[in-house]
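This report goes through the computed features of one protein model, from single backbone positions to the fold as a whole. The sequence and structure come before the account.

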Amino acid sequence: MDALAGLLDGPRAKGAFLLRMIMEPPWSVRIEDEAPICLMCVTEGEAWIVPDTGDAVLLRPGDIAIARGPEPYTVAHAPGTPPRARIGPDGGCTTLSGEPLAQSMHLGVRTWGNAPDGGTTVLVGTYLMDGEVGRRLLDALPGLAHLPADVWNCPLMPFLDEEISRDEPGQSVVLDRILDLLLIAAVRAWFSRPGAEAPAWYRAMADPVVGQALRLLQNDPAHPWTVASLATKSGASRAALARRFTELVGEPPMAYLTGWRLALAADLLRETDATVESVARQVGYSGAFALSAAFKRVRGISPQEHRGRG
């Protein structure tokens, strides 16, 4: 599993929330759900995303925005519009005074808003995840990433718009997969922009030797890798791989592998009931003692303490 695929582990394990929001001005919704990541795209009209800090972003049809939580923000027809609704940490929608709005603003299957024929339609996909693996990539994103329609063209958005209000067998699975693909497409497009500040390891994926080594480490972390065996599989000498890997990624191959293994272990400890012994063997350690020693050395706490904080 590579880091892009790791983005999907949390959503599938903990769920994702999808809806179509149809609004007629004036409107403004305060988002305080603390979700780690939310995708928004406009299919009709316009909408502003206004973070508490930083510049507001105008979404037009075809644009997509990635908002990173847990910081709150406001989505409105115009900046400065006082919020009339609030989305809380439990996903519930209320007035600012706490009165429930879920029923009064319900407009159909996965559809919510203040007017069934409103002039603005926003598709919203919220991921309820906070995995260590996905965070290695998402931490490189700004609090609010905006991809205008003129710099990216994704056929998944019309498809999502068509599918989101259907209520057929297996529909939730279809929507989850579309949202997964849309997230990966958006993240790749963001890091493909000229001057984009992608993580060093992400940029290194384009290198024919280091990219191959990274894929080997990410896809099979339990293998007893050495720099020599990694070099053989990557088609380079041991010295050449070690030098080039450190130059492009910013750390030696075995240090990267340690960080990757511990990130995987951290997610398994939080998201499964597997024993520390089982987790250790899944990520490439000989047993619970070896994993605990590495975990405490790098993270300062034991695997059990990490699990207890989840």
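At 25% relative accessibility, R110 counts as partly exposed; buried means under 20% relative accessible area, exposed over 50% and partly exposed in between, with a 1.4 Å probe and protein chains only. The model is predicted: local features need pLDDT of at least 70, side-chain atom pairs count only at pLDDT 80 or more, and totals for chains, interfaces and linings use all residues. Residues are numbered from 1 along each chain as its sequence is written, and side-chain values use heavy atoms, with hydrogens and water left out.

**Backbone**

R110 lies in the loop between β10 (106-108) and β11 (111-113). Helices (H or I, at least four residues) and strands (E, at least two) are DSSP runs, numbered from the N terminus. Most residues other than glycine have a negative phi, and most peptide bonds are trans. The table lists exceptions to these two habits.

| Position | Backbone feature | Place |
|---|---|---|
| R110 | positive phi, about 50 degrees | loop between β10 and β11 |
| E34 | positive phi, about 65 degrees | loop between β2 and β3 (37-44) |
| P25 to P26 | cis peptide bond, omega about -5 degrees | P26 in the loop between β1 (16-23) and β2 (28-31) |
| G69 to P70 | cis peptide bond, omega near 10 degrees | P70 in the loop between β6 and β7 (73-76) |

**Aromatic rings and charges**

A pair of aromatic rings is described by the distance of the centres and the angle of the planes. Rings of Phe, Tyr and Trp (its six-membered ring) pair if their centres lie within 6.5 Å; planes under 30 degrees apart count as stacked, over 60 as edge-to-face and the rest as tilted. The structure holds three aromatic pairs. One of them joins F191 and Y202, with a tilted geometry, 5.1 Å centre to centre and 50 degrees between the planes. F191 belongs to helix α5 (residues 171-191) and Y202 to helix α6 (residues 200-204), so this pair ties together parts that are eleven residues apart in sequence. F191 counts as buried because its relative accessibility is 8%, and Y202 counts as buried at 17%. W201 and Y202 form an edge-to-face pair, with 6.0 Å between centres and 70 degrees between the planes. Both W201 and Y202 are buried. Through ring pairs, F191, W201 and Y202 are linked into a cluster.

Two arginines have a charged end over a ring, which requires NZ of Lys or CZ of Arg within 6 Å of the ring centre and within 35 degrees of the ring normal. R193 sits in this way over W190, 3.5 Å from the ring centre. R299 does so over F295, at 5.3 Å from the centre.

**Helix α9**

Helix α9 (residues 238-249) has twelve residues, which at 1.5 Å a residue should span 16 Å; the end C-alpha atoms are 16 Å apart, which agrees. The expected span is 1.5 Å times one less than the number of residues. Which residues of α9 are buried? They are L241, F245 and V249. Seen down the axis, the buried residues of α9 fall within an arc of 25 degrees, so they line one face of the helix; the arc is that of the directions from the helix axis to the C-beta atoms. An α-helix has 3.6 residues a turn, so residues three or four places apart point the same way. The exposed residues R243 and E247 are carried on the face of α9 turned away from its buried side. The buried residues of α9 pack against α6, α7 (210-219), α8 (227-234) and α10 (253-271), where contact means heavy atoms within 4.5 Å. After α9 comes G250, with a positive phi near 95 degrees.

**Two buried residues**

I66, in strand β6 (residues 64-68), counts as buried at 2% relative accessibility. Beyond its neighbours within four places in sequence, I66 has contacts that include I37, L39, L141 and V187. The C-alpha atoms of I66 and L39 are separated by 4.7 Å, with the two positions 27 residues apart along the chain counted as their separation.

H306, in helix α13 (residues 303-308), counts as buried at 4%. Residues up to four places away aside, H306 touches E132, A266, L269, R270, F295 and I301.

**Whole chain**

The secondary structure comes to 13 helices and 13 strands. Of the 310 residues, 47% count as buried.
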